[in-house]
Amino acid sequence: MRILSGIQASGSLHLGNYLGALKKFADMQSLEAERFYMIADLHAITVWQDPGKLLSQTREIAACYLAAGVDPDKSAIFPQSAVPAHTEMAWLFNCVARLGWLDRMTQFKDKAGKDKERASIGLYTYPVLQAADILIYKATHVPVGEDQRQHLELTRDVAKKFNHDYGTDFFPLPETLYQGPGARIMSLRDGLAKMSKSDPSDNSRINLTDDADTIASKVKKAKSDADVLPEAEDGLAERPEAKNLVGIYAALAGISAQDVLNEFGGKGFGAFKPALADVVVGKMAPISETLRRLLNDTGEIDRVLKLGAERAREVSAPVVEETKRIVGLWG
Ligand code: TYM
């Protein structure tokens with residue numbers, strides 16, 4: 001089993017990133033596996049990044065991995081740009097992926113907006129680089145949030161087409177792990193919008209850097225509704241805010257949404273929100289404290305990144321070499 005995942009180096013992380021990704025990385029450490037967790041700085045620059053901030057954003061994501069409990073002795077944590085195989089393989093895969101596949105990518109449509117003529121070419125071929133990220137390690141498992149599903153399907157398509165075109169079974173088809181109540185955390189202000197770094201309202205999300213008081217106050221202000229919580233999960237179907245808050249409780253407490261309703265069914269948000277605030281503060285405040293401490297220790301972060309990059313280069317370089325040989329390039 002070989003696990004790979006990544007987080008973009010573009011601004012600070014929130015509860016959605018924690019539950020969709022970081023928490024899974026920490027939980028999966030008990031499995032017998034090799035682990036690669038990158039900071040996707042090359043993905044970040046597909047939209048403008050201030051060069052004066054990119055490096056500190058990269059270190060901040062590294063600190064988030066560590067604060068969330070990812071152990072650098074068990075996992076390689078590294079900046080994508082420190083491993084040349086990512087960009088080298090991305091070119092080879094640009095010649096495998098089809099234009100029609102990229103035209104269907106909803107994330108490009110969302111991010112490019114109406115003025116797609118002005119979007120960078122990198123933003124368009126972004127999913128091809130992501131396929132390279134995964135396949136240069138021959139990763140078998142990729143833990144991500146639900147929003148990455150389409151990109152992971154494209155990765156499998158690239159692997160399948162490469163194997164088919166070159167008559168080989170060189171690339172394994174990676175399995176996407178996005179199950180569980182944390183896979184899609186919604187905004188605290190709107191149960192129909194994803195919790196996101198780019199939401200202008202800071203109250204829409206819990207940042208990994210928020211302290212205990214801020215977290216508690218955001219939970220208490222979270223949008224809810226006037227009904228009591230239902231006894232069974234299907235009673236949440238038409239109540240996006242209630243569904244999201246129950247999901248957050250379940251994901252953080254490591255129980256199912258039904259378990260939460262067994263305890264809180266029939267009770268209103270006046271009773272549920274303080275209990276939820278306790279759970280969120282209990283799990284997130286220690287992470288935020290560790291994070292703030294680590295952010296002051298760039299020496300330690302750089303040491304982890306250097307070690308991680310060495311390991312990542314060691315594993316990925318021979319995969320690119322072998323791919324070039326299969327393609328028939330002089331090497
Ligand atoms: P990024 O940086 O947008 O998000 C990092 C991880 O957080 C998850 N996530 C969420 N999960 C649940 N609820 C939410 N509201 C939420 N918001 C974000 C994302 O699903 C992701 O797992 N393209 C990727 C980075 C990447 C990558 C890779 C991932 C580059 N190469 C290779 C896996 C494998 C991205 O932009 O994630």
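In the predicted model, a polar backbone atom of Ile 185 lies 2.8 Å from a nitrogen atom of the ligand. Two further polar approaches to the ligand involve Tyr 126 and Gly 16. For Tyr 126, the atom concerned belongs to the side chain, and this polar atom is 2.7 Å from a ligand nitrogen. For Gly 16, by contrast, a polar atom of the backbone is found 3.1 Å from a nitrogen atom of the ligand. The ligand taken alone exposes 710 Å², of which 96% is buried by the protein.

The site of binding was examined next. The ligand occupies the largest pocket. Two or more residues of the surrounding shell are contributed by each of strand S1 (2-8), helix H1 (15-27), strand S2 (34-40) and helix H7 (121-135). Of these elements, S1 provides the largest share, with five residues in the shell.

The shell comprises 29 residues in total, and those that come nearest to the ligand are Tyr 126, Gln 130, Asp 133, Asp 147 and Ile 185. Tyr 126 and Ile 185 are thus both among the nearest residues; the former offers a polar side-chain atom to a ligand nitrogen, and the latter a polar backbone atom. Classified by residue type, the shell contains 12 nonpolar and 12 polar residues, together with five charged ones.

With regard to the overall fold, the secondary structure of the chain consists of 13 helices and five strands. The chain has a radius of gyration of 21 Å, which is close to the 20 Å given by the globule rule for 331 residues; the chain is therefore as compact as a globular protein of that length. The C-alpha trace extends over about 70 × 45 × 45 Å along its principal axes.

Note on methods. Residues numbered from 1 in each chain as written. Predicted model: local features only at pLDDT ≥ 70, side-chain atom pairs only at ≥ 80, totals over all residues. Heavy atoms only, no water. Near = heavy atom within 4 Å. Polar contact = N/O pair within 3.5 Å; in protein donor to acceptor, adjacent residues only side chain to side chain. Areas by Shrake-Rupley, 256 points an atom, 1.4 Å probe, with all protein chains shown as cover. 1 Å grid on protein atoms, 1.4 Å probe; cavity = no way out; pocket = protein on both sides within 12 Å on 5 of 7 lines; lining within 4 Å. Sits in = over half its atoms within 2 Å of the grid points. Helix = DSSP H or I, 4+ residues; strand = E, 2+ residues; numbered from the N terminus. Nonpolar A, V, L, I, M, F, W, Y, C, P; charged D, E, K, R; others polar. Rg over C-alpha atoms; globule rule 2.2 N^0.38 Å.
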